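Colleague: I would like a close look at one part of this model, the empty space closed off inside it. Please go through it slowly, for someone new to the subject.

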Amino acid sequence: MSIHIDRNTCIGCGRCANICPGTLFCMTDGRASLRYPEECWGCVSCVKECPVHAISLYLGADIGGMGSRMTVRREDSLLHWTVARPDHTTETITVDTRDANKY
Ligand code: SF4
Ligand code: SF4
């Protein structure tokens, strides 16, 4: 599992590098890149943290991703998870973080 960084969108804030539990990011030319993509375990922390949605998570064949990529957008307590498929269709699932650990 790994992520994709759109370096044209990255603004070099460094938030992904600060939050990655594996310290996998480095900043080159003022933008983020992944030093060890094979060590990414898909925790999605960087995807949620990026303020400009420059990071997406590859969804592997093992979970039916087949080349899809997932991004997330925050809106107050809501997280909007969007899957973009290779056939250019998308699907968005919204989760209210206030419901976390509710049950
Ligand atoms: S998904 Fe998690 S482990 Fe992978 S690069 Fe992002 S923060 Fe690091
Ligand atoms: S969090 Fe996003 S904008 Fe900030 S450095 Fe990382 S990829 Fe670039």
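How many residues line the largest cavity, and which of them lie nearest its centre?

Modeller: The model is predicted, and what follows is computed from it. The largest cavity has a lining of 14 residues. Nearest its centre lie Cys20, Leu24, Cys40, Cys43 and Cys46. The space inside the largest cavity is about 100 Å³. Sorted by class, its lining has 11 nonpolar residues and three polar ones, with no charged residues.

How is such a space found? Rolling a probe the size of a water molecule over the atoms shows where empty space is left. Counting cavities of 30 Å³ or more gives two in this model.

The second largest cavity has a volume of about 80 Å³. Its lining also comes to 14 residues, and Cys10, Cys13, Cys16, Ala32 and Cys50 lie nearest its centre. By class, this lining divides into 11 nonpolar residues, two polar and one charged.

Two of the cysteines named for the second largest cavity can be compared with the surface cut-offs. Cys10 has a relative accessible area of 12%, so it counts as buried, the limit being under 20%. Cys13 has a relative accessible area of 41%, which means it counts as partly exposed, because that value lies between 20% and 50%. Cysteines are named in both linings, but the structure holds zero disulfides.

Cys46, named for the largest cavity, also belongs to the largest nonpolar core, which has 23 residues. Cys46 is among the residues with the most contacts inside that core, together with Ile3, Ile5, Phe25, Val47, Ile55 and Met70. At least two core residues come from each of β1 (3-5), β3 (31-34), α2 (45-49), β4 (55-59), β5 (68-75) and β6 (78-84). To take one core residue, Ile5 touches Phe25, Ala32, Ser33, Leu34, Ala54 and Ile55, leaving aside residues up to four places away in sequence. Ala32 therefore appears twice in this account: Ile5 touches it, and it is one of the residues nearest the centre of the second largest cavity.

For a contrast with Cys10, take Val95, which is in strand β7 (residues 90-96). Val95 is partly exposed, with a relative accessible area of 37%. Its contacts, not counting residues up to four places away in sequence, are Ser77, Leu78, Leu79 and Trp81. From Val95 to His80 the C-alpha to C-alpha separation is 6.5 Å, although the two are 15 residues apart in sequence.

Definitions and conventions. Residues are numbered from 1 along each chain as its sequence is written. Chains are lettered from A and ligands numbered from 1 in the order in which they are written. This is a predicted model: local features need pLDDT of at least 70, side-chain atom pairs count only at pLDDT 80 or more; totals for chains, interfaces and linings use all residues. Side-chain values use heavy atoms; hydrogens and water are left out. On a 1 Å grid over the protein atoms alone, a cavity is a set of points where a 1.4 Å probe fits but cannot get out, and a pocket is an open set with protein on both sides within 12 Å along at least five of seven lines; lining residues have an atom within 4 Å of a point. Grid points are joined across faces, edges and corners, and a volume is the space filled by probe spheres set on the points. Ala, Val, Leu, Ile, Met, Phe, Trp, Tyr, Cys and Pro count as nonpolar, Asp, Glu, Lys and Arg as charged, and the others, Gly among them, as polar. A nonpolar core is a set of buried Ala, Val, Leu, Ile, Met, Phe, Trp, Tyr and Cys residues joined through side-chain atoms within 4.5 Å. Buried means under 20% relative accessible area, exposed over 50%, partly exposed in between (1.4 Å probe, protein chains only). Helices (H or I, at least four residues) and strands (E, at least two) are DSSP runs, numbered from the N terminus. Contact means heavy atoms within 4.5 Å. A disulfide is a pair of cysteine sulfur atoms within 2.5 Å.
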